[in-house]
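Hi,

Here is the model I promised to pass on. Have a look at it first, and my notes follow underneath.

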Amino acid sequence: MVEFAFDIKHLFPQSIIRVQAHSLSPKVAPCRPYPHTNRGQPTRSSCRLSEILNVMGKLSADAQGLRHAVTSADKLAPDQVVYLMADKAAGHWEITGLLKVGTKDLFVFDQGGCYRRFNQTPAILDFYVHESRQRCGQGKLLFEWMLEKQGWSPQKCSVDRPSNKMLAFMAKHYDLVRTIPQGNNFVLYEGFFDDPITTSKSASGLQATGSIRNQSQGHYKRQEHEQAQVGHGHANRNTVQNDANSGPFRKDQKAVSGTSLYRRRWNSPLTLASMQ
Ligand SMILES: CC(=O)SCCNC(=O)CCNC(=O)[C@H](O)C(C)(C)COP(=O)(O)OP(=O)(O)OC[C@H]1O[C@@H](n2cnc3c(N)ncnc32)[C@H](O)[C@@H]1OP(=O)(O)O
């Protein structure tokens, strides 16, 4: 778990808090020891929240093998939300997890292979539970909290370059294993298009996946430091990447191999805009 030099207790009236850009002071460093009370000045809380976000964002990036953090105080857009989780299992309050979400305007392929624009798509952007607490249900707790607060359902969420652990997490907790191949970095699950207007149960274009090992995502996956054992199998990211060759954008994947995952993320030609 992640300890800070300051006491985080007052920041956590409950074990999970919701952080938005307006409660941060990313440009201000270092924080002064006492709260500022002048109008427009940062408070000690906002400095500390910013520091927590930066540290947790870095740990998340490290865990995923990303060169740059997806989450930091200065990158948090006004409509993005970070859920931070803490507990005092060790006798004092420590941060245990982070979940960053937002919305994206995306061009996506539906089950029939038609290319469509979807605005304000719920997006899972960054998700991390400290190594010492993984596989104990903390991730589920945080994710469920987020779904409730955002008013989202899991099958309607796009996931930005999920790691193997993330894929396993979605499969285990939400039975989401069938993906709809996309040409960008986002994974959509079966059920994404199920609404009163677009209900289509056509199987064409869907990935029938009995296990993560067989998934052909047609998207860029995050790297992880360790070889993840997916579910109870032993597929690692190489297995998945090697198998991810039958999707509609196989050539794109090959063309960009060897470049930074993070850079590819922003170069996606099919992402309309950054967070809105
Ligand atoms: C959009 C994105 O952010 S993608 C990046 C996701 N983040 C990462 O990969 C960073 C490292 N991983 C983590 O931080 C965590 O494993 C998370 C956030 C993915 C899940 O949090 P957890 O607290 O472990 O989840 P929780 O305990 O609720 O669920 C456990 C399930 O998640 C999956 N999972 C978690 N860790 C692993 C692992 N090491 N190997 C394979 N599957 C895993 C499995 O399905 C597991 O169920 P199982 O133990 O029965 O196999």
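Let me start in the sheet: β4 and β5 pair in the parallel sense, over two bridges. Two strands count as paired here if DSSP finds at least two bridges between them, and the elements themselves are DSSP runs numbered from the N terminus, with helices being H or I of at least four residues and strands E of at least two. Ile 124 has Val 159 in β5 as its bridge partner.

Before going on, the housekeeping. This is a predicted model, so to speak of a local feature I need pLDDT of at least 70, and side-chain atom pairs count only at pLDDT 80 or more, while totals for chains, interfaces and linings use all residues. Residues are numbered from 1 along each chain as its sequence is written.

**The sheet**

The whole sheet is open, has seven strands in the order β1-β2-β3-β4-β5-β7-β6, and its pairing is mixed. β1 (16-19) and β6 are at the edges with a single partner strand each, so each has one side without a neighbour in the sheet. α1 packs on the sheet and touches β1, β2, β3 and β4, its direction making about 95° with that of β4. α2 also lies across β1, β2, β3 and β4, and runs at about 55° to β3. Those angles run from 0 to 180 degrees between N-to-C directions, with axes as lines fitted to C-alpha atoms, for helices over the stretch in contact. A contact is a pair of residues whose C-beta atoms, placed from the backbone, lie within 7 Å.

On the β7 side, β5 and β7 run antiparallel and are joined by two bridges, with Val 159 opposite Val 187. So Val 159 faces a partner in β4 and another in β7. Strand β6 (residues 179-180) is antiparallel to β7 too, again over two bridges, and Thr 179 is the bridge partner of Tyr 189. β6 and β7 make a hairpin with five residues between them. From β7, Phe 186 and Leu 188 point one way, Val 187 and Tyr 189 the other, and all are buried. Buried means that 20 or more other C-beta atoms lie within 10 Å of the residue's own, against 12 or fewer for exposed and partly exposed in between, with C-beta atoms placed from the backbone.

**The overall chain**

The protein has six helices and seven strands, and from the N terminus the elements run β-α-β-β-β-α-β-α-β-β-α-α-α. Of its 276 residues, 37% are buried. Among contacts with a separation of 6 or more, 70% are between residues 24 or more positions apart.

**The core**

The largest nonpolar core has 51 residues, and Leu 53, Val 82, Tyr 83, Leu 84, Leu 99 and Leu 188 have the most contacts inside it. Such a core is a set of buried Ala, Val, Leu, Ile, Met, Phe, Trp, Tyr and Cys residues joined through C-beta atoms within 7 Å. At least two residues each come from α1, β2 (81-87), β3 (94-109), β4, α2, α3 and β7 (186-189), and β3 gives the most, with seven.

Val 82 is worth a click. It sits in strand β2 and is buried, with 27 other C-beta atoms within 10 Å. Leaving out residues up to four places away in sequence, Val 82 touches Val 19, Leu 53, Thr 71, Leu 76, Leu 98 and Lys 100. With the same kind of exclusion, up to four places, Leu 84 touches Ile 16, Ile 17, Val 19, Ile 52, Ile 95 and Leu 98. Over in α1, Leu 49 is buried, with 23 other C-beta atoms within 10 Å.

**Around the ligand**

Which residues come nearest to the ligand? Of the 30 around it, Gln 134, Gly 139, Lys 140, Ser 163 and Ala 168 do, where being near means a C-beta atom, placed from the backbone, within 6 Å. Two or more shell residues come from each of α1 (44-64), β4 (115-129), α2 (138-150), β5 (158-160) and α3 (164-174). β4 gives the most, with six. The shell divides into 14 nonpolar, eight polar and eight charged residues; Ala, Val, Leu, Ile, Met, Phe, Trp, Tyr, Cys and Pro count as nonpolar, Asp, Glu, Lys and Arg as charged, and the others, Gly among them, as polar. In α3, buried residues include Asn 164, Lys 165 and Ala 168, and just after α3, Asp 175 takes a positive phi of about 55°.

Cheers

Methods. Two residues are in contact if their C-beta atoms, placed from the backbone, lie within 7 Å.
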